[in-house]
Amino acid sequence: MSTKAAFTEVQFGLMKLHVDQLQVLLVFAKEDSQSNGFCWACEKAGFRCNIAKTPESALESFLEKHHDIIIIDHRHSRSFDAEALCRSIRAATFSENTVIVAVVRRQDREDASVMPLVNAGFNRRYVENTNIMTCYNELLQLEHGEVRAQFKLRACNAIFTALEQSQEAIEITSEDHVIQVCFHQFLILCKDLMITLKGPLSAKDNTEVPKSENNKADLLDAINSCIKIGKEWQGVYYAKKKNGDNIQQNVKITPVIGQGG
């Protein structure tokens, strides 16, 4: 019997996230050594495992429990249409964070394109292998790879939702001051300033740079030199309103250092 804890902790930036015990749904029309291998692997990994034999029961189970991983048997097209089932699951609004795996026949060409599976909504292809340790290792890779990445993405969505409710005017830009996304209060500010957004929230050629004769000539250079070495810049700059007046803004710019700097 597995002694794995019901949840694990994941450090994500400054956040310490609790990941609940993973839930796995196996969709196999008939029990065989492959489905048994994944069942054993789930038990060894300490994951909750549900089994469905029909697309209808699989969809019903997913809508009830919102599994983290779904493994669908793609080897027997006469039993059910695996790709149609995957599309049905993806039609659920909360399915974007679920990792769906297609089990394919070993004799299928290894160099065949995975695009039909990707287009149906699968994240990964698993070439049938009934070895129980191979099944176990596959689940571990999914847990520490795609599943954990999806969990962090959910945390990002929560942060973005909080930012949308903030009373501060917040935007996120690239290092070249190209707007990637901006939030509600910033959009309100844009209506009053000489800033034109060419999309609902962001667009490739949207830029937000202070435009006012009241700003020092080297203002942008001073900001860039600060944030490029990973330091926060805080100060005042002026922006021009659409009626021509200048408005003073107290600004804080925090750099986020990612891969490649």
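**Exercise 1. Strand pairing of β3**

Task: State how many bridges join β3 to β5 and which way the two strands run.

Solution.
- Strand β3 (residues 23-27) and strand β5 (residues 69-73) are joined by four bridges and run parallel. Helices (H or I, at least four residues) and strands (E, at least two) are DSSP runs, numbered from the N terminus. Two strands pair if DSSP finds at least two bridges between them.
- Within this pair, V24 stands opposite I69 in β5.
- On to the next pair: β5 and β6 also run parallel, joined by five bridges. There, I71 stands opposite V101 in β6.

The model is predicted: local features need pLDDT of at least 70, side-chain atom pairs count only at pLDDT 80 or more, and totals for chains, interfaces and linings use all residues. Residues are numbered from 1 along each chain as its sequence is written, and side-chain values use heavy atoms, with hydrogens and water left out.

**Exercise 2. The sheet and its edges**

Task: Give the strand order of the five-stranded sheet, and explain why β4 and β7 each have a side without a neighbour.

Solution.
- The order is β4-β3-β5-β6-β7, in an open sheet with parallel pairing.
- β4 (48-52) and β7 (124-127) stand at the edges; each has a single partner strand, so one side of each lacks a neighbour in the sheet.
- On average, neighbouring strands of this sheet are turned by 20° against each other, direction ignored. Axes are lines fitted to C-alpha atoms, for helices over the stretch in contact, and angles run from 0 to 180 degrees between N-to-C directions.

**Exercise 3. Helices on the sheet**

Task: Which strands does helix α1 touch, and which does helix α2 touch?

Solution.
- Helix α1 (residues 33-45) packs on the sheet and touches β3, β4, β5, β6 (99-104) and β7. Contact means heavy atoms within 4.5 Å. The direction of α1 makes about 170° with that of β3.
- Helix α2 (residues 55-65) packs on the sheet as well, touching β3, β4 and β5; its direction makes about 170° with that of β3.

**Exercise 4. Length and buried face of α1**

Task: Compare the expected span of α1 with the distance between its end C-alpha atoms, then locate its buried residues.

Solution.
- At 1.5 Å a residue, the 13 residues of α1 should span 18 Å, and the end C-alpha atoms are 18 Å apart, which agrees. The expected span is 1.5 Å times one less than the number of residues.
- The buried residues of α1 are Q34, S35, G37, F38, A41, C42 and A45. Buried means under 20% relative accessible area, exposed over 50%, partly exposed in between (1.4 Å probe, protein chains only).
- Seen down the axis, these residues fall within an arc of 155°, so they line one face of α1. The arc is that of the directions from the helix axis to the C-beta atoms.
- Their cover includes β3, β4, β5, β6, β7 and α5.

**Exercise 5. Burial of β6**

Task: Why is β6 described as largely enclosed?

Solution.
- Six of the six residues of β6 are buried, so the strand is largely enclosed by the rest of the structure.
- In a regular strand the side chains alternate between the two faces of the sheet.
- Both faces of β6 are covered: V99, V101 and V103 are buried on one side, I100, A102 and V104 on the other.

**Exercise 6. Helix α7**

Task: Which residues of α7 are buried, and what do they pack against?

Solution.
- In helix α7 (residues 219-227), L219, I223, N224, C226 and I227 are buried.
- They cover an arc of only 160° around the axis, which puts them on the same side of α7.
- The buried residues of α7 pack against β10 (233-240) and β11 (246-253).

**Exercise 7. Two loop residues**

Task: Decide whether N97 is buried or exposed, and do likewise for Q165, buried or exposed.

Solution.
- N97 lies in the loop between α3 (82-90) and β6. Its relative accessibility is 12%, so N97 counts as buried.
- Leaving aside residues up to four places away in sequence, N97 touches D68, Q150, L153 and R154.
- Q165 is in the loop between α5 (132-164) and β8 (171-173). With 58% relative accessibility, Q165 counts as exposed.

**Exercise 8. Confidence**

Task: What is the mean pLDDT of the chain, and where does pLDDT stay under 50?

Solution.
- The mean pLDDT is 82, and 79% of the residues reach 70 or more. pLDDT is the predictor's confidence in each residue, from 0 to 100.
- Over residues 196-207 pLDDT stays under 50; the model has 27 contacts beyond four places in sequence for them.
- Where pLDDT is low, the predicted coordinates should not be read in detail.
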